[in-house]
Amino acid sequence: MNGPHDLGGQMGFGPVAPEKNEPYFHAEWEKRALGLTLSSGALGAWNIDESRHTRESIPPADYLGASYYEIWTRALEVLLQRHGFVTAAEIDAGRKQSDGAMPKRVLKADMVAGVLAKGGPCDRPVTTAPRFAAGDKVRTRNFNPTTHTRLPRYARAKSGVVEAVQGSFVFPDDNAHGRGENPQWVYTVVFDGGEIWGEGADPTLSVSIDAWESYLEPM
Amino acid sequence: MHDDDHDHHHHHDNRYTDMQARVRALETVLTEKGLIDPAAIVVIVETYETKVGPRNGARVVAKAWSDLEFADWLRQDATAAIASLGYAGRQGEHMRAVFNTDDTHNLVVCTLCSCYPWSVLGLPPVWYKAPAYRSRAVIDPRGVLAEFGVTLPESKKIRVWDSTAELRYLVVPERPNGTDGWSDERLADLVSRDAMIGTGLAAVPENAR
């Protein structure tokens, strides 16, 4: 979807303003937001693509005004309701009012190290050979789905070169919507700055994305 | 101007107070329902405050500088090479290392969300996840670098890696002069988090300035 998250090339946000000796957390609630997000993910009801799509579906004014831990928290409230774990009334009241969905598992303290060490690999075997090889010229497709995609707007309908075949991975455009993992080959595709930004582009700039095979057409 | 600043901070404070209440309410409901273990949150936070941070990545870079075989392995199979030092897991499942050279500087961003190599750099800083960096890194990297105090030669190529899939990128900065024979631990002290994102360079030791 063309949501507020798709920020590449937008203007008006001001300087980056890195903070010297930035602490990991700026408030106690950020620690809890991190922990709640990871613990709730471990319930096993949704995947990372659905959670990303839920974050990018936050209304633009809210999304752009929020810190990232706020974005996580807002999306988490939606995910927990969508999957029947809590109700809106419970979130408002800050109290349990009824039993909800049963989780596949609950993350206990003694499981954390193992779960973090394992992570969530997203590479999956496919039976097809890669359609493209390093050095191939390709063009990204032009589409504007209302659903999840990882092809940023600035890189649509652009010509580039395949730099590497990176393996086959879960296809987020399907997986975010419960349509299955449907893995595809993923390629690193490099574009000249001028191809993306046109007049006035930095002549020394090139930008790469990692693109699923169905985002690409041969040239 | 002063009043604007005041309003801005006031707004910020309110928002943070609101979030504190909102997160507490959510944690209470989830705890009462048995869906989370508050003790697990403590362990998660402690992990990223004390165990998993940019020192991990700095050790990877230092080893790549001092051990050419390791550097080759890192180029070919970064996930395995990094795992050999004990760094793996969440948001480091599929690693790629990209090496700065005489003629190319690498910069990593996630324009679509906040993808970041947690296993080697820990939790991302606020600016990495915020709109200014995510919007500008791909169109005005030199302007962004200037805000980090980095000025590259005009002829130097800049390659921006937008982390749009599940690959996570670690920048290996150029090894500074004046570090011959240094131990890996001493070399790692020169490698900042920003140098491994590409918004910084490795520190130059005093004897080489």
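These legends go with a handful of close-up views of a predicted model.

**View 1. Strand E2(A) pairs with E1(A) and with E3(A).** Start with E1 of chain A, residues 137–140, which runs antiparallel to E2 of chain A, residues 159–169. Three bridges join E1(A) to E2(A), and one of them puts Val138(A) opposite its partner Gly160(A). E2(A) is also joined to E3 of chain A, residues 184–192, again antiparallel, through seven bridges. Zoom in on Val162(A) and you'll find its bridge partner in E3(A), namely Val189(A).

**View 2. Trp212(A) and Tyr215(A) meet edge-to-face.** Searching the whole structure turns up 19 aromatic pairs over all chains. One of them is Trp212(A) with Tyr215(A), whose ring centres sit 6.0 Å apart with 65 degrees between the planes. That angle is over 60 degrees, so the pair counts as edge-to-face. As for exposure, both Trp212(A) and Tyr215(A) are buried.

**View 3. An aromatic cluster takes in rings from chains A and B.** Chain A supplies Phe25(A), Tyr68(A), Tyr69(A) and Trp72(A), while Tyr48(B) and Trp118(B) come from chain B. Trp118(B) has a charged neighbour too: Arg90(B) lies over its face, 5.1 Å from the ring centre.

**View 4. Arg159(B) lies over the face of Trp161(B).** Here's another arginine over a tryptophan ring, with Arg159(B) at 3.7 Å from the ring centre of Trp161(B).

**View 5. The largest pocket has a volume of about 1200 Å³.** Its lining runs to 46 residues, and those nearest the centre are Gly41(A), Asn47(A), Ile48(A), Gly120(A) and Arg90(B). The elements giving two or more residues to this lining are helices of chain A: H1 (28–41), H2 (48–56), H4 (68–82), H6 (112–118) and H7 (172–175). If you care about the chemistry, the pocket lining splits into 23 nonpolar, eleven polar and twelve charged residues. Arg90(B), listed here near the pocket centre, is also the residue over the face of Trp118(B) in View 3.

**View 6. About 40 Å³ of space lies in the largest cavity.** The count comes to one cavity of 30 Å³ or more. Lining the largest cavity from chain A are His5(A), Arg52(A), Arg55(A), Glu56(A), Tyr63(A), Tyr68(A) and Arg150(A), with Leu112(B) and Cys113(B) added from chain B. H2(A) gives the most to this lining, with three residues. By type, the cavity lining divides into four nonpolar, one polar and four charged residues. Tyr68(A) lines this cavity and also belongs to the aromatic cluster of View 3.

Definitions and conventions: Residues are numbered from 1 along each chain as its sequence is written. Chains are lettered from A and ligands numbered from 1 in the order in which they are written. This is a predicted model: local features need pLDDT of at least 70, side-chain atom pairs count only at pLDDT 80 or more; totals for chains, interfaces and linings use all residues. Side-chain values use heavy atoms; hydrogens and water are left out. Two strands pair if DSSP finds at least two bridges between them. Helices (H or I, at least four residues) and strands (E, at least two) are DSSP runs, numbered from the N terminus. Rings of Phe, Tyr and Trp (its six-membered ring) pair if their centres lie within 6.5 Å; planes under 30 degrees apart count as stacked, over 60 as edge-to-face and the rest as tilted. Buried means under 20% relative accessible area, exposed over 50%, partly exposed in between (1.4 Å probe, protein chains only). A charge sits over a ring if NZ of Lys or CZ of Arg is within 6 Å of the ring centre and within 35 degrees of the ring normal. On a 1 Å grid over the protein atoms alone, a cavity is a set of points where a 1.4 Å probe fits but cannot get out, and a pocket is an open set with protein on both sides within 12 Å along at least five of seven lines; lining residues have an atom within 4 Å of a point. Grid points are joined across faces, edges and corners, and a volume is the space filled by probe spheres set on the points. Ala, Val, Leu, Ile, Met, Phe, Trp, Tyr, Cys and Pro count as nonpolar, Asp, Glu, Lys and Arg as charged, and the others, Gly among them, as polar.
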